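Visitor: Could you take me on a close look at the ligand site here, and then at a few residues elsewhere in the chain? I work in computational chemistry, so please give me the cut-offs as you go.

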Amino acid sequence: MGVVNVTPDSFSDGGRYLDPQAAVEHGRLLAEQGAQILDVGGESTRPGADAVPVDEELRRVLPVVEGLTATGATISIDTSKAVVAAAALDAGAGYVNDVTAFRGDPALAGLVAERGVDCCVMHMLGNPRTMQDDPRYDDVVSEVKAFLEERLAFAVAEGIAEEKVMLDPGIGFGKTVAHNLELIRRLDEIVAIGRPVVFGVSRKSFLGKITGREPGERGVATAAANVLGLERGASVFRVHDVPETLDALAVAAATLPGGWPLKTPRTTTTTI
Ligand code: HH2
């Protein structure tokens with residue numbers, strides 16, 4: 001899953017793709033590089049981010065969704081607003097990524113059910129404004145797992161087919177470095193719920209705290225974390241840097257039973 005942030009304030013690429021044309025070109029590049037899903041977002045979720053009014057979010061994301069439908073990738077709309085999701089689905093998106101796990105807008109789960117599209121529900125403690133203010137858990141993994149099980153049951157009760165729901169532990173959303181590492185270490189417990197797990201570590205600040213690197217320099221750290229996620233059973237890897245991720249995942253996948261050759265053929269240009 002390649003990240004297409006149409007925002008002025010995203011933590012690692014804020015402002016780079018605020019112009020819709022730049023965002024479309026970036027999304028096309030990610031698809032050419034092998035992204036199978038393009039996650040288009042018009043509202044940053046970084047700690048302390050300001051909320052974006054619906055009209056502004058629509059203005060940011062709709063031309064980008066429209067411009068990316070021809071890539072062949074599934075377009076995911078990263079929003080917690082039903083109005084934005086509905087417009088994006090009308091414009092060709094096929095996936096809803098809601099970081100509030102249907103706690104933000106009461107109309108969103110019903111919309112996903114009605115349209116029959118895939119969705120991702122993610123764990124977050126609190127909201128982006130407050131989530132990094134001293135987050136605490138007794139056992140972060142069992143609490144995140146219980147939350148995701150409850151949200152999955154909620155989605156099903158709202159009419160969404162269980163096989164349409166993916167789960168995400170929400171790395172960095174109301175978690176300390178230790179919480180993130182514990183979630184990665186025991187990701188298999190989240191995978192055991194039985195739904196595909198989306199894993200979003202790309203360039204996140206816990207990697208900066210470990211390596212001392214700035215967001216744009218965290219590609220290797222991101223790849224290392226994604227390899228650990230793959231080994232523990234994650235299915236979808238939400239990233240800013242697609243080629244590095246695919247190479248790291250290809251090597252890791254090749255070591256798994258039945259992992260070689262890869263299911264998705266990649267072009268090989270060298271003979272030595
Ligand atoms: N992380 C971010 C945004 N959306 N969605 C899911 N499902 N999982 C994640 O881990 C996730 C997400 C934050 O990353 P980014 O989009 O780069 O930053 P910002 O929220 O500042 O735009």
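Guide: Happy to. Let's start with a polar pair: a nitrogen atom of the ligand is 2.6 Å from an N or O atom in the side chain of Asp 168. That counts as a polar contact (a pair of N or O atoms within 3.5 Å; within protein, one must be able to donate a hydrogen and the other to accept it, and residues adjacent in sequence count only if both atoms are side-chain atoms). The ligand's oxygen atoms have partners too: one lies 2.4 Å from a polar side-chain atom of Ser 10, and an oxygen atom is 2.8 Å from an N or O atom in the side chain of Arg 238. Taken alone, the ligand exposes 480 Å², and the protein buries 99% of that; accessible areas come from the Shrake-Rupley method with a 1.4 Å probe, and for residues only the protein chains shown count as cover.

A word on provenance: this is a predicted model, in which local features need pLDDT of at least 70 and side-chain atom pairs count only at pLDDT 80 or more, while totals for chains, interfaces and linings use all residues. Residues are numbered from 1 along each chain as its sequence is written, and side-chain values use heavy atoms, with hydrogens and water left out.

Now the wider shell. Of the 18 residues around the ligand, Ser 10, Ser 44, Thr 45, Asp 168 and Lys 204 come nearest; a residue is near if one of its heavy atoms lies within 4 Å of the molecule. By class, the shell has six nonpolar, seven polar and five charged residues. Here Ala, Val, Leu, Ile, Met, Phe, Trp, Tyr, Cys and Pro count as nonpolar, Asp, Glu, Lys and Arg as charged, and the others, Gly among them, as polar. The ligand sits in the second largest pocket. A pocket is, on a 1 Å grid over the protein atoms alone, an open set of points where a 1.4 Å probe fits, with protein on both sides within 12 Å along at least five of seven lines; a molecule sits in it if more than half of its atoms lie within 2 Å of its grid points. The elements that give two or more residues to the shell around the ligand are strand 1 (2-5) and strand 5 (118-122). Helices (H or I, at least four residues) and strands (E, at least two) are DSSP runs, numbered from the N terminus.

Strand 1 also holds Gly 2, which is buried at 0% relative accessible area; buried means under 20%, exposed over 50%, and partly exposed in between (1.4 Å probe, protein chains only). In the loop between strand 1 and helix 1 (20-32) you will find Asp 13, buried at 3% relative accessibility. Its C-alpha is 9.8 Å from that of Val 3, ten residues apart in sequence.

Two backbone angles deserve a look. Phe 102, in the loop between strand 4 (95-98) and helix 4 (108-115), has a phi near 65 degrees, a positive value in a residue other than glycine. Phe 102 is buried, at 5% relative accessibility. Arg 203 also has a positive phi, near 60 degrees; its place is in the loop between strand 7 (198-199) and helix 8 (205-211), and its relative accessible area of 10% makes Arg 203 buried.

Finally, Asp 247 in helix 10 (residues 242-254) is partly exposed, at 43% relative accessibility.

Terms used. On a 1 Å grid over the protein atoms alone, a cavity is a set of points where a 1.4 Å probe fits but cannot get out, and a pocket is an open set with protein on both sides within 12 Å along at least five of seven lines; lining residues have an atom within 4 Å of a point.
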